[in-house]
Amino acid sequence: MTFSFHHLKVDYKNGDKWSLMAPDIHKLKEIFASWQEGMAAGGGWNAVFWCNHDQPRIVSRLGDTGKYWKESAKMLAAAIHLMRGTPYIYQGEEIGMTNADFTDIADYRDVESINYHGILREEGLSEAETMKVIEARSRDNGRTPMQWTAGESAGFTSGTPWLGVNRNHASINVECEQQDEDSILAFYRELIALRKKHRIIAEGSIHFLARENDDVLAYERELAGEHLLVLCNFRPTDVSMPEWPAVGAKAGEKLIGNYPGIKEMLRPYEVVALCYKA
């Protein structure tokens, strides 16, 4: 199936991977809508994903690694797992692993990152400016050892790993999340179970809503009179709820979300999915 990477370039300034800018959420929405609706219209099917071995961690790019780490990681998961297509989970994504947080170029192994460190320095960036770019863009962000435990080398090996372990493995690890019913890992398991249980998630049509809204990704799935409305807040602040469909989804049943209940505003990095009958 098709793997397209255009949605992972919305934080490339002027299309340059090594120039930083804030993610363009409006552009992200346009890309998703184009793929999803176009694929559906043509009978196609594609992969939906955020991470792989060549990409920085998505929670560090489009989410929050501080106060709203858990909420943003869950929102990003639901945003694509409730879409049409086959969702992919890259190792560590299901526990909210973040970028490597290396601060010295000597910690990196990725040849591209090492080469671009030299290029950016030659272009006149300071060492601090250069490392800020490398820390955000390096492929090694997605290649640090899987964080199984809070122990030595994150439980990945009893030896010395080829690439260093993220320091936050003491708090972000599989063992810890298996003991937390509200963990990111538990949320991913719920998403997988829902896709298997509800045909609308795997087979339903898709239509994107509120396209002019630069804060919220909103779409609607439909199958045999059943509807699923998905709302994703990409901001670290409360945002206004988009206009509900004319059928009145407010009366719908909450299928999944990363906050308790439903409020008039979408809370920081909130995702909520509602099922209702037409």
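Which helices each supply at least two residues of the lining of the largest cavity? They are helix H2 (58-61) and helix H3 (69-81). This is a predicted model, and a search of the whole structure finds two cavities of 30 Å³ or more. Here is a friendly tour of those cavities, the largest pocket and a five-stranded sheet.

**Largest cavity**
- The space inside the largest cavity comes to about 60 Å³.
- Its lining is made up of Trp50, Cys51, Arg57, Ile58, Val59, Ala73, Leu76, Ala77, Glu93, Gly96, Met97 and Tyr188.
- Helix H3 gives the largest share of that lining, with three residues.
- Sorted by class, nine of the lining residues are nonpolar, one is polar and two are charged.

**Second largest cavity**
- For the second largest cavity, the space is about 40 Å³.
- Around this cavity you will find Lys29, Glu30, Ala33, Phe208, Leu209, Arg211 and Ala218.
- H1 and E3 each contribute at least two residues to the lining, and the largest share, three residues, belongs to H1.
- The class split here is four nonpolar and three charged residues, with no polar ones.

**Largest pocket**
- If you are looking for open space, the largest pocket has a volume of about 170 Å³.
- Lining this pocket are Pro23, Ile25, Ser60, Arg61, Leu62, Gly63, Phe234, Arg235, Pro236 and Tyr269.
- Six of these residues are nonpolar, two are polar and two are charged.

**The sheet and helix H1**
- Five strands, ordered E3-E4-E5-E9-E7, make an open sheet with antiparallel pairing.
- At its edges sit strand E3 (205-209) and strand E7 (253-257), each of which pairs on one side only.
- On average, neighbouring strands of this sheet are turned by 20 degrees against each other, with direction ignored.
- Within the sheet, strand E5 (residues 226-233) and strand E9 (residues 271-277) run antiparallel and are joined by seven bridges.
- To pick out one bridge pair, histidine 227 is partnered with tyrosine 276 in E9.
- Helix H1 (residues 25-41) lies across E3 and strand E4 (216-223), and runs at about 155 degrees to E3.
- That brings us back to the second largest cavity, where H1 and E3 each supply at least two lining residues.

Terms used:
Residues numbered from 1 in each chain as written. Predicted model: local features only at pLDDT ≥ 70, side-chain atom pairs only at ≥ 80, totals over all residues. Heavy atoms only, no water. 1 Å grid on protein atoms, 1.4 Å probe; cavity = no way out; pocket = protein on both sides within 12 Å on 5 of 7 lines; lining within 4 Å. Points joined across faces, edges and corners; volume = space filled by probe spheres on them. Nonpolar A, V, L, I, M, F, W, Y, C, P; charged D, E, K, R; others polar. Pairing = 2+ DSSP bridges. Helix = DSSP H or I, 4+ residues; strand = E, 2+ residues; numbered from the N terminus. Axes fitted to C-alpha atoms, helices over the stretch in contact; angles between N-to-C directions. Contact = heavy atoms within 4.5 Å.
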